[in-house]
Amino acid sequence: MSLPDGVERRTFDDEERLATRGPTVYGEPTDGEWRAWDARRSKLGAMLEKGIDTGLAGGDAVLYLGAASGTTVSHVADFAGPTYAVEFAARPARDLLSVAEDRDRLFPLLKDARKPEHYAHVVESDLDALIQDVATRGQARVALENRQFLAEDGRLVAAIKARSEDVTAEPADVFEDVLADLEEGYEILATERLEPFHDDHLAVVATPK
């Protein structure tokens, strides 16, 4: 399995797990400077655990949409370059600010990912990666609206949550519709369900058209 530079597999409590090097955030096991990356608490961690080729690399400039309290984006900031973390809800954003205090490459933004015009003046362009994990209807539209920040060869790495789009529809049908919408502006490179780590989620890796 190909992992970004700065992400390794290490042994914690006799179990081999993904790990990044940085201060602890959510009580995860540590081994010196390394801390375990819990794939059951992180959709991106689940993608890497399942061997999905995300195209992410150490030092990437990243826009992370749906940062919540910072669980996953803290790992991203451990191995990436400048990491802009967008979160709309005030309560988790306060936790995110605390996480950023120990990470000089992590830049929290209390903004709505559906309205990139509100942070376009802060986020640099030609980013290497757009990582998306937003629990909202219209996830494809969010990715399309934020495509403006990606370099031509950049990557969208998204976790699509079926229940956020339609709680009554079959997840497979939801994913089909979301992928069709994404193809307005992206070339889909890979898709894979995230079970057993996360139910009714689809990993999508794409590049801008």
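A cavity is a set of grid points where a 1.4 Å probe fits but cannot get out. With that in mind, the predicted model described here can be explored from its empty spaces outward. Rolling a probe the size of a water molecule over the atoms shows where empty space is left. The structure holds one cavity of 30 Å³ or more, and the volume of this largest cavity is about 40 Å³. Its lining is made up of Lys43, Leu44, Met47, Tyr64, Ile131, Gln132, Asp133, Val157 and Ala159. Three of these residues come from α1, which gives the most to the lining. At least two residues each are supplied by α1 (43-49), β8 and β9. Sorted by class, the lining of the largest cavity has six nonpolar residues, one polar residue and two charged ones.

Next comes the largest pocket, whose volume is about 370 Å³. A total of 24 residues line this pocket, and those nearest its centre are Gly66, Glu87, Asp133, Val134 and Ala135. Asp133 is thus found in the lining of the largest pocket and also in that of the largest cavity. Both α2 (71-79) and β6 (83-87) contribute at least two residues each to the pocket lining. The largest share, three residues, belongs to α2. In terms of class, 11 of the pocket's lining residues are nonpolar, seven are polar and six are charged.

Attention can now turn to leucine 194, a residue in the loop between β10 (186-193) and β11 (201-208). Leucine 194 has a relative accessible area of 0%, so this residue counts as buried. Beyond its neighbours within four places in sequence, leucine 194 is in contact with Lys43, Ala46, Met47, Lys50, Ile52, Ala159, His201 and Ala203. Among these partners, Lys43, Met47 and Ala159 also belong to the lining of the largest cavity. Leucine 194 and alanine 159 are 35 residues apart along the chain, and 8.6 Å separates their C-alpha atoms.

Aromatic side chains offer another view of the fold. The structure holds three aromatic pairs. In one of them, tyrosine 119 and phenylalanine 149 have ring centres 5.8 Å apart and planes at 20°; planes under 30 degrees apart count as stacked, so this pair is stacked. The pair links distant parts of the chain, since its members are 30 residues apart. Tyrosine 119 sits in the loop between β7 (106-110) and β8 (127-132), while phenylalanine 149 sits in the loop between α4 (139-145) and β9 (150-161). Tyrosine 119 has a relative accessible area of 0% and is buried. Phenylalanine 149 is likewise buried, with a value of 4%.

Finally, there is an open sheet of four strands, which runs in the order β1-β2-β4-β3 with antiparallel pairing. β1 (7-12) and β3 (30-31) each have a single partner strand and stand at the edges, so one side of each lacks a neighbour in the sheet. At one edge, six bridges join β1 to β2 (residues 15-21) in the antiparallel sense. Valine 7 stands opposite threonine 20 in β2. The hairpin of β1 and β2 has two residues between the strands, and in this hairpin aspartate 13 takes a positive phi near 50°. At the other edge, β3 and β4 (residues 34-36) form an antiparallel pair over two bridges. Here, aspartate 31 has tryptophan 34 of β4 as its bridge partner.

Terms used. Residues are numbered from 1 along each chain as its sequence is written. This is a predicted model: local features need pLDDT of at least 70, side-chain atom pairs count only at pLDDT 80 or more; totals for chains, interfaces and linings use all residues. Side-chain values use heavy atoms; hydrogens and water are left out. On a 1 Å grid over the protein atoms alone, a cavity is a set of points where a 1.4 Å probe fits but cannot get out, and a pocket is an open set with protein on both sides within 12 Å along at least five of seven lines; lining residues have an atom within 4 Å of a point. Grid points are joined across faces, edges and corners, and a volume is the space filled by probe spheres set on the points. Ala, Val, Leu, Ile, Met, Phe, Trp, Tyr, Cys and Pro count as nonpolar, Asp, Glu, Lys and Arg as charged, and the others, Gly among them, as polar. Two strands pair if DSSP finds at least two bridges between them. Rings of Phe, Tyr and Trp (its six-membered ring) pair if their centres lie within 6.5 Å; planes under 30 degrees apart count as stacked, over 60 as edge-to-face and the rest as tilted. Buried means under 20% relative accessible area, exposed over 50%, partly exposed in between (1.4 Å probe, protein chains only). Contact means heavy atoms within 4.5 Å.
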